[in-house]
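Student: Could you take me slowly through one part of this structure and then show me how its surroundings fit around it? I would like a connected account that I can follow with the model in front of me.

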Amino acid sequence: MTPYQKNALAYLKSYWHTHGCSPSYRDISYGISTGVSHTHEIINGLCEKGFVHVDRRKARAIYPIDIWHKLRGEENGEPPKEQVKAPEPS
């Protein structure tokens, strides 16, 4: 993880704990002192590495992976028990 990615992830988690919602890319860019286009690259890298989930269909939908799992009702990164499918009989 690059220093910019560490700073962005720390800022994202801090913002979530303070505001209870996702920051915008512009908020993150101000928070880590970089441009918005560079912030997109940083967040995409974090997403590829599995530290962040981004819902591209929504505004302000950048989630640290632990918060993403909690919002979906998944504890410890596992899907909820009611969503786990039983194996198909052969």
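Tutor: Let us start from a single residue, Ser 29, which touches Thr 34, Gly 35, Val 36 and Thr 39 when residues up to four places away in sequence are left out of the count. Please keep in mind throughout that this is a predicted model. Ser 29 has its place in helix H2, which runs over residues 25–32, and because its relative accessible area is 2%, under the 20% that marks a buried residue, Ser 29 counts as buried.

Ser 29 belongs to a group, since the buried residues of H2 are Tyr 25, Asp 27, Ile 28, Ser 29 and Ile 32. These buried residues pack against H1, H3, strand E1 (52–54) and E2. Just after H2 ends, the chain reaches Ser 33, which takes a positive phi of about 55°.

We can now look at the two helices that H2 meets, beginning with H3. The axes of H2 and H3 are 9 Å apart, and the two helices pack at an angle of about 100°. H2 is therefore roughly perpendicular to H3, as angles of 65 to 115 degrees are described in that way. On the H2 side, the residues that take part are Tyr 25, Arg 26, Ile 28, Ser 29 and Ile 32, and they meet Val 36, Thr 39, His 40, Ile 42 and Ile 43 in H3. You will recognise Val 36 and Thr 39 from the contacts of Ser 29 with which we began.

H3 itself covers residues 36–49, and Glu 41 is found in it. Is Glu 41 buried or exposed? Glu 41 has a relative accessible area of 55%, and because exposed means over 50%, Glu 41 counts as exposed. Along the sequence Glu 41 and Gln 5 are 36 residues apart, while in space their C-alpha atoms are 9.5 Å apart.

On the other contact, that between H1 and H2, the axes come within 10 Å and cross at roughly 120°. H1 and H2 are therefore oblique to each other, and H1 passes H2 in a right-handed crossing. The residues that meet here are Tyr 4, Asn 7, Ala 8, Tyr 11 and Tyr 15 in H1, and Asp 27, Ile 28, Gly 31 and Ile 32 in H2. Ile 28 and Ile 32 are thus named in the contact with H1 and in the contact with H3 as well.

Tyr 4, one of the H1 residues in that contact, is partly exposed, with a relative accessibility of 39%. Leaving out residues up to four places away in sequence, Tyr 4 touches Ile 32, Thr 34, His 38 and Ile 42. Thr 34 is therefore a residue that you have met before, because it also appears among the contacts of Ser 29, a residue that is buried. The C-alpha atoms of Tyr 4 and Ser 33 are separated by 9.5 Å, although these residues are 29 residues apart along the chain.

From H1 we can go on to the aromatic rings, of which a search of the whole structure finds three pairs. In one of them, the rings of Tyr 11 and Tyr 15 have their centres 6.0 Å apart and their planes at 40°, so the pair is tilted. Tyr 11 and Tyr 15 are four residues apart in helix H1 (residues 3–19), and they are therefore separated by about one helical turn. Tyr 11 is partly exposed, with a relative accessible area of 23%, whereas Tyr 15 counts as buried at 13% relative accessibility.

In another pair, the rings of Trp 16 and Tyr 63 have their centres 5.6 Å apart and their planes at 40°, so this pair is tilted too. Trp 16 lies in helix H1 and Tyr 63 in strand E2 (residues 62–64), so the pair ties together parts that are 47 residues apart in sequence. Trp 16 is buried, with a relative accessible area of 11%, and Tyr 63 is buried, with a relative accessible area of 11%. Ring pairs link Trp 16, Tyr 63 and Trp 68 into a cluster.

Conventions:
Residues are numbered from 1 along each chain as its sequence is written. This is a predicted model: local features need pLDDT of at least 70, side-chain atom pairs count only at pLDDT 80 or more; totals for chains, interfaces and linings use all residues. Side-chain values use heavy atoms; hydrogens and water are left out. Buried means under 20% relative accessible area, exposed over 50%, partly exposed in between (1.4 Å probe, protein chains only). Rings of Phe, Tyr and Trp (its six-membered ring) pair if their centres lie within 6.5 Å; planes under 30 degrees apart count as stacked, over 60 as edge-to-face and the rest as tilted. Contact means heavy atoms within 4.5 Å. Axes are lines fitted to C-alpha atoms, for helices over the stretch in contact, and angles run from 0 to 180 degrees between N-to-C directions. Angles under 35 degrees count as roughly parallel, over 145 as roughly antiparallel, 65 to 115 as roughly perpendicular and the rest as oblique. A crossing is left-handed if the near helix is turned anticlockwise from the far one by less than a right angle, and right-handed if clockwise.
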